[in-house]
Amino acid sequence: MTSPDWSRMTDAPRLSVMAWGMVRDQQAAEDLVAEAYAWAWSARGSIRANTSDRWLTRVVRNLAVDWLRRRGRLARVHPFSLDQAATY
């Protein structure tokens, strides 16, 4: 298995924009991307090079969702039945 080359960090600007789009806080977005790269570095032996960009994108997304939940800015969605939906 070939490990990804994390030294370039070419996806950082794209990931920062994605994170900012979710959290609307520039510093938090940059912190989330840095945290994602730290996760990637610690898991560098188990990530395949051809999927590293998707993996890193998913990590940033998950970190942003966690960030929003901790701040109460993301409501948890509770599914309801079709019978309940018909009463609205």
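These are my notebook entries on what I looked up in this structure.

**Entry 1: the chain as a whole**

I began by noting that the model is a predicted one, and then I turned to the secondary structure of the protein chain, which comes to four helices and zero strands. Reading along the sequence, I wrote the pattern down as α-α-α-α. I next looked up burial, and found that 30% of the 88 residues of the protein chain count as buried. For the accessible surface of the chain I noted a value of about 6,400 Å², with 54% of that area belonging to carbon and sulfur atoms. I also looked at contacts between residues at least 6 apart in sequence, and of these 69% join residues at least 24 apart.

**Entry 2: helix α1 and the loop after it**

In helix α1, which covers residues 12-23, I picked out Ser 16. Is Ser 16 buried or exposed? I list Ser 16 as buried because its relative accessible area is 16%, and the cut-off for buried is under 20%. Once I had set aside the neighbours within four places in sequence, I found Ser 16 in contact with Ala 29 and Val 33.

From there I moved on to Arg 24, whose place is in the loop between α1 and α2. Its phi caught my attention, since Arg 24 has a value near 55°, which is positive although the residue is not a glycine. I set beside this the general rule that most residues other than glycine have a negative phi. Arg 24 has a relative accessibility of 52%, so I entered this residue as exposed.

**Entry 3: the negative patch and Glu 35**

Which residues gather in a patch of negative charge on the surface? I listed Asp 25, Glu 30, Asp 31, Glu 35 and Asp 66. When I asked which helix gives the largest share of the negative patch, I found helix α2, residues 26-42, with three residues.

I then followed Glu 35, one of the residues in the patch, and placed this residue in helix α2. Its relative accessibility is 36%, so I recorded Glu 35 as partly exposed, a class that runs between the cut-offs of 20% and 50%. Finally I looked up how Glu 35 stands to Leu 63, and I noted that the two are 28 residues apart in sequence while their C-alpha atoms are 8.3 Å apart in space.

Technical notes. Residues numbered from 1 in each chain as written. Predicted model: local features only at pLDDT ≥ 70, side-chain atom pairs only at ≥ 80, totals over all residues. Heavy atoms only, no water. Helix = DSSP H or I, 4+ residues; strand = E, 2+ residues; numbered from the N terminus. Buried < 20%, exposed > 50% of the residue type's maximum accessible area, 1.4 Å probe, protein only. Contact = heavy atoms within 4.5 Å. Areas by Shrake-Rupley, 256 points an atom, 1.4 Å probe, with all protein chains shown as cover. Patch = residues over 30% accessible without salt bridge, like charges linked within 9 Å, V, L, I, M, F, W, Y side chains within 5 Å. Salt bridge = Lys/Arg side-chain N within 4 Å of Asp/Glu carboxyl O. Lys, Arg positive; Asp, Glu negative; His and termini not counted. Charge placed at Lys NZ, Arg CZ, Asp CG, Glu CD.
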